[in-house]
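Reader: I'd like to walk through a two-chain model with you, helix by helix. Could you put it up on the screen?

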Amino acid sequence: MLLKMWILSGTAIALWLTPLTALDKKVSWHKAIQGLSLCGAVACAVGAGDIARKLAEENEIEEWKTRAIKADVADEIAVSAYVSQQSRQQEAETLLASPGEDVEEARKALEAIYSNDLQEAATTTASENDASDLQLWWKVSAAEVEGKTLTWIVENILNMKGRKFTEGKARLIELKKKFGED
Amino acid sequence: MRAASLANYFIAGCAASSLLGWVASLHPMSQKAIAFLAAGSFILWGLCWLLDFSVSGWLKISVQNLQALLLAILAMALIGGGIFLCS
């Protein structure tokens, strides 16, 4: 359409100017051709103008569509954020308002509702914990190969000194059980 | 694209003015008819220019747009007629 418009536009200018300058008004058939070319020039120019007007209107409609889509997306985001906020607020209010015995039930119900999200999150957390445990086990193994004592490992690798030493020892045993068998 | 549309309509107007000149050159009678048409159009143009506020209200367009339209019509007539006469 755009190419057609430009071609028509160029043709209109050519048909308007060329016969007027190139042909002689005194020769009868030259004059006839001038008249025909002028009619053709008017027709081409009007056609090109119409095409350009249609293209301009289409562009305008496309701009409106884009603006409407953007506004819809913004509206949807705002509505979903508002709904989410409201639902969370209601859940929190329900939890706070209900007596102690019902809290556990409400928690379970909420857990069931959001199980998918929570499951994903739990899987991620569990895998992250496994990775950190494995990393820790590698350090422990390396220290054992170097001939470090149990106390040194608990205090320096697990970073559990003093009162936490017993807890650290238990953790070391747990790590050994978890990865030592493999 | 809107500018291209306006430019094309302007070229159409110029070519139409040249065509009127060509029609006028065909026969003395047609020359007189075109002369009367041109005179009538010029008087109408002048009236529109003088009564721009009333005419713009009647056509439901702004005064600036009406003045632009009138100037464009004058330019089309002058350019089209001038090119025909000078060729």
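Author: Below are some questions and answers on folds, packing, contacts and burial.

Reader: Before we start, what ground rules apply to this model?

Author: This is a predicted model, where local features need pLDDT of at least 70, side-chain atom pairs count only at pLDDT 80 or more, and totals for chains, interfaces and linings use all residues. Residues are numbered from 1 along each chain as its sequence is written, while chains are lettered from A and ligands numbered from 1 in the order in which they are written.

Reader: Which pattern does chain A follow along the sequence?

Author: Helices and strands here are DSSP runs (H or I, at least four residues, for helices; E, at least two, for strands), numbered from the N terminus. Chain A has six helices and zero strands. Read in order, the pattern of chain A is α-α-α-α-α-α.

Reader: How are α1(A) and α2(A) oriented to each other?

Author: Axes are lines fitted to C-alpha atoms, for helices over the stretch in contact, and angles run from 0 to 180 degrees between N-to-C directions. Helix α1 (residues 2-22) of chain A packs on helix α2 (residues 28-97) of chain A at about 155°, with axes 8 Å apart. Angles under 35 degrees count as roughly parallel, over 145 as roughly antiparallel, 65 to 115 as roughly perpendicular and the rest as oblique. So α1(A) and α2(A) are roughly antiparallel.

Reader: And what about α1(B) and α2(B)?

Author: Helix α1 (residues 2-24) of chain B and helix α2 (residues 28-50) of chain B pack at about 140°, with their axes 7 Å apart. L20(B), V23(B) and A24(B) on the α1(B) side meet S30(B), Q31(B) and I34(B) on the α2(B) side (contact is C-beta atoms, placed from the backbone, within 7 Å). The angle is why α1(B) and α2(B) count as oblique.

Reader: Which element gives the most to the side of chain A that touches chain B?

Author: In this interface, 23 residues of chain A are in contact with 18 residues of chain B. The elements giving two or more residues to the chain A side are α1 and α2 of chain A. With 15 residues, the one that gives the most is α2(A).

Reader: Which element gives the most to the largest nonpolar core?

Author: A nonpolar core is a set of buried Ala, Val, Leu, Ile, Met, Phe, Trp, Tyr and Cys residues joined through C-beta atoms within 7 Å. The largest one has 26 residues, and those touching the most other members include A12(A), W16(A) and A15(B). Two or more residues come from each of α1 and α2 of chain A, and α1 and α4 (63-86) of chain B. The most, nine residues, come from α1(B).

Reader: Is C14(B) buried or exposed?

Author: C14(B) sits in helix α1 of chain B. Beyond its neighbours within four places in sequence, C14(B) is in contact with W16(A), M76(B), I79(B) and G80(B). A residue is buried if 20 or more other C-beta atoms, placed from the backbone, lie within 10 Å of its own, exposed if 12 or fewer, and partly exposed in between. C14(B) has 27 C-beta neighbours inside 10 Å, so it counts as buried.

Reader: How many residues of α3(B) are buried?

Author: Helix α3 (residues 52-59) of chain B has eight residues, and just after α3(B), K60(B) takes a positive phi of about 60°. This helix lies largely in the open, because its number of buried residues is zero.

Terms used:
Contact = placed C-beta atoms within 7 Å.
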